[in-house]
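Trainee: Please take the charged side chains as a starting point and give me a close look at one part of this model. I would like to know what surrounds that part as well.

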Amino acid sequence: IYTMETKDFEHFGEPVLLKVKGDQVPEADMGRMIDPYLLRDKDDPDKIWCFYKQNGVSYSWSYDMVHWTYAGHTDCGENVCALTIDDTYYLMHSPENGIGMLRSKDLVHFEEAGPVNFLSQSRWPWAKDRITAGFLLDMTREAGAGFYVLFYHGDNEKGGAFPFGASIGMAVTKDLKNYITFEPEEPTYPNLGNVYEGDYYRGIP
């Protein structure tokens with residue numbers, strides 16, 4: 001994981017390696033890391049957390065963005081997006097398909113914050129193979145908004161009709177559970193769409 005600094009988004013400094021496993025761990029021993037996400041500690045605003053994909057999601061903290069302390073990891077998908085709501089950390093992540101959510105008070109104990117959401121996937125030909133890489137923009141304190149905007153990535157790699165990585169979707173939510181995706185959902189058991197009580201008979205596989 002590297003950072004690059006800029007004052008104008010045109011001229012950038014040289015990449016700087018973040019030794020998120022600690023100063024004593026050589027670069028060659030750090031392993032592959034992707035999908036970094038930085039977040040201020042909910043109790044100590046001078047403390048910065050870095051979440052990144054390794055062994056599920058791993059996380060480290062620093063007070064200066066130079067010296068890091070590795071803090072642990074937990075099982076989840078990739079593309080973690082982290083935010084703090086009401087004294088609780090929420091980690092949005094991408095399992096094999098869909099968008100999942102974990103929550104934690106202490107970044108030690110984690111629990112599922114709800115079912116995996118497929119965001120009306122059955123309606124999107126550009127995303128029929130996978131919904132992934134959710135990024136949540138907190139607009140709850142913005143005048144006239146009061147919601148979260150979720151940007152996500154859709155794949156239809158197998159069909160070949162849409163280039164891999166070229167399709168981006170957007171959804172809106174107020175509670176991180178129910179999303180407005182601007183198209184009605186068509187549930188398809190078991191892997192596409194949200195299946196609600198009454199959609200299917202329980203006794204039929």
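Mentor: Glu111 is partly exposed, with a relative accessible area of 43%. The model is predicted, and every value here is computed from it. The side chain of Glu111 forms a salt bridge with that of Arg103, at 2.7 Å from N to O. Arg103 is partly exposed too, at 27% relative accessible area. Both residues fall in that class because it covers values between 20% and 50%. As background, side chains of opposite charge can pair when their charged atoms come close.

The structure has 5 salt bridges in total. Another one joins Arg130 and Glu78, with 2.9 Å between N and O. Arg130 belongs to strand E11 and Glu78 to strand E7, and 52 residues separate them, so this pair connects distant parts of the chain. Asp138 and Arg141 make a further bridge, their closest N and O atoms lying 3.4 Å apart. That pair counts as a salt bridge because the limit is 4 Å. Asp138 is partly exposed at 30% relative accessibility, whereas Arg141 is exposed at 71%. Elsewhere, Lys42, Asp43 and Asp87 form one network through salt bridges that share partners.

Strand E11 is the part to follow from here, since Arg130 has already led to that strand. An open sheet of 4 strands runs in the order E11-E12-E13-E14, with antiparallel pairing. E11 and strand E14 (179-180) are the edge strands; each has a single partner, so one side of each has no neighbour in the sheet. At the E14 end, E13 and E14 are joined by 2 bridges in the antiparallel sense. Val172 stands opposite Ile180 of E14.

Ile180 also belongs to a nonpolar surface patch of about 660 Å², together with Phe135, Leu137, Phe151, Ile168, Met170 and Phe182. Strands E11 (130-139) and E13 (167-173) are the elements that contribute two or more residues to this patch. Leu137 is a member that lies in strand E11. Leu137 is partly exposed, with a relative accessible area of 35%. The value is enough for patch membership because the threshold is over 30% relative accessible area.

E11 also takes part in the interior. The largest nonpolar core has 33 residues, and those touching the most other members are Phe51, Met92, Leu119, Leu136 and Tyr152. At least two residues of the core come from each of E3 (34-40), E4 (48-53), E5 (57-62), E7 (78-85), E8 (88-94), E9 (100-104), E11 and E12 (147-155). Strand E7 contributes the most, with 5 residues. In soluble globular proteins, nonpolar side chains tend to be buried together.

Tyr152 gives a local view of that core. Leaving aside residues up to four places away in sequence, Tyr152 touches Leu119, Trp124, Trp126, Ile131, Thr132, Ala133, Gly134, Ser167, Ile168, Gly169, Met170 and Ala171. Two of these contacts, Ile168 and Met170, are also members of the surface patch. A second core, separate from the one described above, has 10 residues, including Leu18, Val20, Val25 and Cys50.

Two backbone details deserve a check. Ser120 is not a glycine, yet its phi is positive at about 60 degrees. This residue sits in the loop between strand E10 (111-112) and E11, and Ser120 is buried at 5% relative accessible area. Asp35, also not a glycine, has a positive phi of about 55 degrees. Asp35 is in strand E3 and is buried, with a relative accessible area of 18%. The reason for listing them is that most residues other than glycine have a negative phi.

For the chain as a whole, the count is 0 helices and 14 strands. Buried residues account for 40% of the 205 residues. Of the contacts between residues at least 6 apart in sequence, 38% connect residues at least 24 apart. The exposed area of the chain is about 12,300 Å², with 53% of it supplied by carbon and sulfur atoms.

Notes:
Residues numbered from 1 in each chain as written. Predicted model: local features only at pLDDT ≥ 70, side-chain atom pairs only at ≥ 80, totals over all residues. Heavy atoms only, no water. Patch = residues over 30% accessible without salt bridge, like charges linked within 9 Å, V, L, I, M, F, W, Y side chains within 5 Å. Areas by Shrake-Rupley, 256 points an atom, 1.4 Å probe, with all protein chains shown as cover. Buried < 20%, exposed > 50% of the residue type's maximum accessible area, 1.4 Å probe, protein only. Core = buried A, V, L, I, M, F, W, Y, C linked by side-chain atoms within 4.5 Å. Contact = heavy atoms within 4.5 Å. Pairing = 2+ DSSP bridges.
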